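This report walks through one protein model for a reader who has not seen it before. Please look over the sequence and the structure before reading on.

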Amino acid sequence: MAGRAGARIPVVIVAGFLGAGKTTLLNHLLTNRAGVRIGVVVNDFGSIEIDAMTVAGQVDSMISLGNGCLCCAVDTSTMDELLDRLARPSAGIDVIVIEASGLAEPRDMIRLVLASENPRVEYGGLVEVVDAAEFESTRSRHPELGTRLSLADLIVVNKADRMPVEARPALLATVRASSPGTPVITTSHGRVDPELLFEPPDRPRPTERFGQLSFDQLTFEDGDAGRSGACEAGPDSGRREGGQHDDGCADTAHLHHAYETVSFTSDTPLHPRRLMAFLDDRPPGLYRMKGFVYFGVTGYRQKFGLHTVGAFLRFRRSRWSAGEDRTTRLVLIGSGIDAEAVRAALAACVEPRSAEVTEQDMLCVLKFVES
Ligand SMILES: Nc1nc2c(ncn2[C@@H]2O[C@H](COP(=O)(O)OP(=O)(O)OP(=O)(O)O)[C@@H](O)[C@H]2O)c(=O)[nH]1
């Protein structure tokens, strides 16, 4: 390994509920890595690998796993294969970061890494990203999020900019009470100091970075006795679009059992007003939406990244890569969403006569474009 002969490559897991800011944090690490070579495993819940597309291009080595949560769609031998690929000496990787899907169970992810037989890697800790603006309402729906925090080695309370300053102490107290003793940092846009997660290549790494959990602790802690280890399924198993969870995972406590995904693609541009009408009146149960939109309007033919998390909505304008298809690709994640109705509603946003759509029609979108 570069600069640290004989040292093992830490495998850091970045987890956090849907839309908390994991990809944003990962991109921040990738652009501020100060010479550290990062290998990445990206895990998308939907069948279109939006996160992988967002991260690609900045990373030294990436493996993308879509259509299901890594915690169940991958077994220990598949995880070993992934780690073998990223940790091979010729790749010269210093640290491996696994970005879990927003519905993956961190406990099972940690187990998978701890069970690895690859002598070149070691578990490097769990970073749990919390959405400051959505945490309380998400926790009221999913009280088990507190348990997730208790497994973390570092908690990043992200989106501080979306929370009134006076509300922060109460949130931080709740977070700290869920995981006594765990370092908590507050940030916006995932801007954490990379050295909190891994050492620069020329600095020796402390042997025990965090007070990490052992495999046995993970198996038997928190009333978990009786569970037989990581929930395993074949590597080709995944989620069925718009339907029940179907990855062979029998553990109904997993959050992803309660969620479905719907994917939508269109090579024909979308009408800005119609899409905004859809977004203003989102279907019941829809929590997260992400992807890219092509409006095809003169002056606005760029790629519009779209993110919704709860009530939050943002577009980000960027260039299409050379040769990239001008295609709208969206993934919608929610609980109890009517897949057919959602697809029909999005299909109704398609506008083949985009030449007739004007700049005026774009104004409703431009209000939500990140500057
Ligand atoms: N205002 C604000 N927006 C943020 C911040 N961090 C992330 N976002 C936005 O929140 C949205 C979701 O961020 P992502 O990084 O994609 O979240 P994620 O956790 O990777 O999402 P999933 O993989 O779908 O679970 C994007 O629009 C981000 O630009 C922040 O600190 N403040």
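In which strand is Ile38 found? Ile38 belongs to strand β2, which covers residues 38-43. The model in view is a predicted one.

## Ile38 and Met53

Ile38 has 23 C-beta neighbours inside 10 Å, and because the cut-off for a buried residue is 20 or more, Ile38 counts as buried. Along the chain, Ile38 and Val95 are 57 residues apart, yet their C-alpha atoms are separated by 5.2 Å.

Met53 sits in helix α2, residues 50-55. Met53 counts as partly exposed because 19 C-beta neighbours lie inside 10 Å of it. From Met53 to Val42 the C-alpha to C-alpha distance is 9.8 Å, and the two residues are eleven apart in sequence.

## Overall make-up

The protein has 371 residues, and 45% of them count as buried. Its secondary structure consists of twelve helices and twelve strands. Among contacts with a separation of 6 or more, 77% join residues that are 24 or more positions apart.

## Two domains

The domain assignment gives domain 1, residues 9-220, and domain 2, residues 259-366. Their C-alpha centres lie 28 Å apart. Contact between the two involves eleven residues of domain 1 and twelve residues of domain 2. On the side of domain 1 that touches domain 2, five residues are nonpolar, four are polar and two are charged.

## Strand β1 and its partners

Strand β1 runs over residues 9-16. Eight of its eight residues are buried, so β1 is largely enclosed by the rest of the structure. Ile9, Val11, Ile13 and Ala15 point one way from the strand, while Pro10, Val12, Val14 and Gly16 point the other way. The residues on both sides are all buried.

With which strands does β1 pair in the parallel sense? One partner is β5, joined to β1 in the parallel sense over eight bridges. Another is strand β4 (residues 95-99), also parallel to β1, with four bridges. Ile13 of β1 takes part in both pairings: its bridge partner in β5 is Leu126, and in β4 Ile13 stands opposite Ile98.

## Strand β6 and its partners

Strand β6 covers residues 154-158. Why is β6 described as largely enclosed by the rest of the structure? Five of its five residues are buried, so the description follows from that count. Leu154, Val156 and Asn158 point one way from β6, and Ile155 and Val157 point the other way. These residues are all buried.

Strand β5, residues 121-131, pairs with β6 in the parallel sense over five bridges. Within that pairing, Leu154 of β6 is the bridge partner of Val127. Strand β5 is therefore a parallel partner of β1 as well as of β6.β6 also pairs in the parallel sense with strand β7 (residues 184-186), over three bridges. In this pairing, Ile155 has Val184 of β7 as its bridge partner. Helix α8, residues 168-178, joins β6 and β7 in a β-α-β unit, and the unit is right-handed.

## Helix α5

Is helix α5, residues 106-114, largely enclosed or exposed? Nine of the nine residues of α5 are buried, so the helix is largely enclosed by the rest of the structure. The buried residues include the nonpolar Pro106, Met109, Ile110, Leu112, Val113 and Leu114. Arg107, Asp108 and Arg111, which count as charged, are buried as well.

## The shell around the ligand

How many residues surround the ligand? The shell consists of 22 residues, and the closest are Gly21, Thr23, Thr24, Gly102 and His307. Eleven residues of the shell are polar, eight are charged and three are nonpolar.

Helix α1 (22-31) and the strands β9 (286-293) and β10 (303-309) each supply at least two residues of the shell. The largest share, three residues, comes from α1. Both domains contribute, as domain 1 (9-220) and domain 2 (259-366) each provide at least three residues of the shell.

Conventions
Residues numbered from 1 in each chain as written. Predicted model: local features only at pLDDT ≥ 70, side-chain atom pairs only at ≥ 80, totals over all residues. Buried ≥ 20, exposed ≤ 12 C-beta atoms within 10 Å, placed from the backbone. Near = placed C-beta within 6 Å. Domains from an automatic or database assignment. Pairing = 2+ DSSP bridges. Right-handed = clockwise from strand over helix to strand, strands pointing away. Contact = placed C-beta atoms within 7 Å.
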